[in-house]
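I opened this notebook to record what I looked up in the structure, one topic to an entry. The entries follow the order in which I looked.

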Number of protein chains: 4
Amino acid sequence: MAERKAPDASRRSERSRTAILTAARELIGEIGYGKLTIEAIAARAGVGKQTIYRWWPSKGAVVFDSLLALSEQADGAGIVLPDTGDIEADLKTVLRATAAEFADPEFEKPIRALNTEIINDRELAAAYREKMAAPMTEAKKQRLRSAQRAGQLAADADLDLFLDVLYAPLTQRWLLRSGPLDDAFADALVETALRAFRPR
Amino acid sequence: MAERKAPDASRRSERSRTAILTAARELIGEIGYGKLTIEAIAARAGVGKQTIYRWWPSKGAVVFDSLLALSEQADGAGIVLPDTGDIEADLKTVLRATAAEFADPEFEKPIRALNTEIINDRELAAAYREKMAAPMTEAKKQRLRSAQRAGQLAADADLDLFLDVLYAPLTQRWLLRSGPLDDAFADALVETALRAFRPR
Amino acid sequence: MAERKAPDASRRSERSRTAILTAARELIGEIGYGKLTIEAIAARAGVGKQTIYRWWPSKGAVVFDSLLALSEQADGAGIVLPDTGDIEADLKTVLRATAAEFADPEFEKPIRALNTEIINDRELAAAYREKMAAPMTEAKKQRLRSAQRAGQLAADADLDLFLDVLYAPLTQRWLLRSGPLDDAFADALVETALRAFRPR
Amino acid sequence: MAERKAPDASRRSERSRTAILTAARELIGEIGYGKLTIEAIAARAGVGKQTIYRWWPSKGAVVFDSLLALSEQADGAGIVLPDTGDIEADLKTVLRATAAEFADPEFEKPIRALNTEIINDRELAAAYREKMAAPMTEAKKQRLRSAQRAGQLAADADLDLFLDVLYAPLTQRWLLRSGPLDDAFADALVETALRAFRPR
DNA sequence: GCCTAAGCGAGACGGTACGTCAGGTCTTGCA
DNA sequence: TGCAAGACCTGACGTACCGTCTCGCTTAGGC
């Protein structure tokens, strides 16, 4: 097991790390992922290129970390979905919000960047599932289990499948721009999913 | 209003066009989309770079055309889905086949390449929907309408939504590698979708 | 005999070639050979770095060519040394001029640069002897042969040796800064050399 | 007027100093002066880079010191040239030995390195003259004075000039590789120099 | 059937960014 | 407090491709 490099993480400059992630995030918003370069990140962060290459294996990894930092700061205290007792209403609220987020140009570019990377990089995909998707998924399942207890969802429903059916069409439509992402679509998805998994 | 370029399509060399598309397809399979370069395509095709720039606006467009050529040769005679009269069985057959295709490394790289391009290029996304997705979608709807007539599907079902619910989870799982693409998953999707849209 | 690259010299841009050589010469004068970089040459010449790497194997080669161009433009019509009939007076004139040239800061930097390169590069040394030293040496020998015919120099004198004895001390003293390069020194060298090779 | 650096020489690690000079000398022999780097010296010597920068102002200075150490160990007891009473024979012996040394690849690289440095660095040139050349020159003059007393050399001969005429052609030819450095050349130089400075 | 304008292969060009190497400075334990 | 270790910013390296631009050479259409 011959490591080629083993930089001493204890000596790592927190100042540089933060500056790099911030610069990456800003640049994605400004010029888009496709035109993002390591040199530009380094320049904007006031950092040597080597400092980036020392700590990240690829441009995609930097971008991933920069977005991860963003998402982590959001859910510092854990993510909780609304629970009014009405699963349909709550899911519509959440899905409409997600759809709106996709439409926000501020969010659009980074998320497209992230998806581009994930599609083509196995390891990044794994990191995404663990670090970014998992906490969100767990929060959603929490709400679904509550609905199961309330008898609004089949007790034996496969929650992973439920979430796939609920969210994948939304994401897909956004990625491929194959249709409008309006409230009607969000509502229709919720209704469809609940219909498929309603208690017998 | 003088166009800057107006290449005379009637003089276009079919030999070069074919060689370029073939080279592009081969290279995607060999080195992947990310490392694909115009120079490599030109070299492999035995063609000057200018000949590529003359006829395509971007690398993505070449790649798209090369995969389009592939898909067109497949459905020259039109696509027809099996219709045994049992919509559930037929859809399971089709979805299992699609899942298997995704698992085939031969198909995997080009489709990932295509998705990468489409996500980040509006025009390519439109071209994809028109040239590649539309015929497929139409064939699927054909089969679904047959099921509606047979009373196996709600007569007022939104077929676009149905197809989204049926296929998006599959594509998503494949793109993000978020779970196994086995027969069980394909079957579960078909059952879920049909449950959501069964006649009242 | 597998050549790795074989750029087509017939397509070479004369404009670029000239700009590069000029830029190199100017920069040597301004910042010195040690701090000279290919990037700076390219930038000053308004040229891509690749255009330099395409046509020259090393920084030293560029510098050499730039000085060669300089020397060639000087002796377009051939070099002729003064011949008043008095070899001692003529040589003193020439050596004093050479010493003065060495003292001129304008000439100093390029020549030091050249020597630095030549010392450490066999091929450059060969090129120097052929392209730059040889014509000069031939001109000097011409004058010496005239002196031999006039009976001012031993008829069987080894002219190469004579020139070494005459010039090497001058060059050496200049390179190592081991003593003053004044007229007295030039005169002394001439007298010494002539004394050693006077006719018996 | 506070010096920016004032390392306390009394605390200097002799172990490090020696290791650095040894490493420098070895590396010059192995990879040549041009490719020599401070980092490589530090790594080979098992020393931090700062320890080098603390005690030497430039790479050239390290190299110089490393070669100085070499030459000092050689002439600890003072240098004495052979004195058989026959100045011509003695000088031929010495010059032939010098020529042979130049041909020895072991000696070649360091001396070329040294010359490269000296040519471009005034201070190093001065140090060279004082520390390395001077003792050698003095030893040679000693022998020449003996020859003057023996009537084999003009009593009023300029010994510095004599040494220049004798050695510079040899050094020059070696540096520029402009001719063979054989015994014949060494002998011819001695004969020429003696002819120029023989007693009247 | 010839002429001529176009497409074509080739590849040089001015550039941008790559990923690496080394320079020289600064910081952190260890001895 | 001198040292080894090595992270840091800087800047140059030599390479790979970009998209544009000539070069001669086919090669097809209009005359």
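Entry 1, DNA strand F. I began with the backbone of Ile38(C), where a polar atom sits 2.8 Å from a phosphate oxygen of DNA strand F, and I kept in mind throughout that this is a predicted model. I then looked up two arginines on other chains: Arg54(A) has a side-chain N or O atom 3.2 Å from a phosphate oxygen of DNA strand F, and Arg54(D) places a polar side-chain atom 3.3 Å from a phosphate oxygen of that strand. For the elements behind this surface, I noted that two or more residues are given by helix 3 of chain A, by helix 2 (38-45) and helix 3 of chain B, by helix 2 (38-45) and helix 3 of chain C, and by helix 3 of chain D. Helix 3 of chain A has the largest share of the surface near DNA strand F, with four residues.

I next asked which residues come nearest to DNA strand F. Out of 38 residues around the strand, they are Thr51(A), Trp55(A), Lys49(B), Gln50(B) and Tyr53(C). Of the DNA strand F atoms that come within 4 Å of the protein, 70% are accounted for by sugar and phosphate. By residue class, I recorded nine nonpolar, 14 polar and 15 charged for the surface near DNA strand F.

Entry 2, DNA strand E. Here too I counted 38 residues around the strand, with Tyr53(A), Asp8(B), Trp55(C), Lys49(D) and Gln50(D) coming nearest. Asp8(B) uses a backbone N or O atom, which lies 2.6 Å from a phosphate oxygen of DNA strand E, and Glu39(D) likewise has a polar backbone atom, 3.1 Å from a phosphate oxygen of the strand. For Arg11(A) I found a polar side-chain atom 3.0 Å from a sugar or linking oxygen of DNA strand E. Sugar or phosphate makes up 67% of the atoms of DNA strand E within 4 Å of the protein, and bases make up the rest. The largest share of this surface, four residues, comes from helix 3 of chain C, and the residue classes are ten nonpolar, 14 polar and 14 charged.

Entry 3, chain A against chain B. I found that 31 residues of chain A and 31 residues of chain B take part in the contact. Ile119(A), Leu176(A) and Arg177(A) supply 23% of the area that chain A buries against chain B, more than any other three residues. About 2,900 Å² is buried between the two chains, with 59% of it on carbon and sulfur atoms.

I then asked how many salt bridges cross the interface of chain A and chain B. The rule finds two, and I looked at the pair of Asp164(B) and Arg173(A), whose closest N and O atoms are 3.3 Å apart. The polar contacts between chain A and chain B come to 14 residue pairs. Helix 8 of chain A gives the most to the side of chain A that touches chain B, namely ten residues, and the residues of that side divide into 15 nonpolar, seven polar and nine charged.

Entry 4, chain C and chain D. I noted that a turn of 180 degrees with a shift of 0.0 Å along the axis lays chain D on chain C with an RMSD of 0.2 Å, which is the relation of a two-fold axis. The C-alpha of Ala196(D) comes closest to the rotation axis among the residues of chain D, at 2.0 Å. I closed with the interface: 100% of the interface residues of chain D are also interface residues in chain C, so the copies meet through the same surface.

Technical notes: Residues are numbered from 1 along each chain as its sequence is written. Chains are lettered from A and ligands numbered from 1 in the order in which they are written. This is a predicted model: local features need pLDDT of at least 70, side-chain atom pairs count only at pLDDT 80 or more; totals for chains, interfaces and linings use all residues. Side-chain values use heavy atoms; hydrogens and water are left out. Contact means heavy atoms within 4.5 Å. Buried area is the accessible area (1.4 Å probe) that two parts lose on being put together, summed over both. A salt bridge is a side-chain nitrogen of Lys or Arg within 4 Å of a carboxyl oxygen of Asp or Glu. A polar contact is a pair of N or O atoms within 3.5 Å; within protein, one must be able to donate a hydrogen and the other to accept it, and residues adjacent in sequence count only if both atoms are side-chain atoms. Ala, Val, Leu, Ile, Met, Phe, Trp, Tyr, Cys and Pro count as nonpolar, Asp, Glu, Lys and Arg as charged, and the others, Gly among them, as polar. Copies are superposed by least squares on the C-alpha atoms of residues with pLDDT of at least 70 in both. A residue is near a molecule or strand if one of its heavy atoms lies within 4 Å of it.
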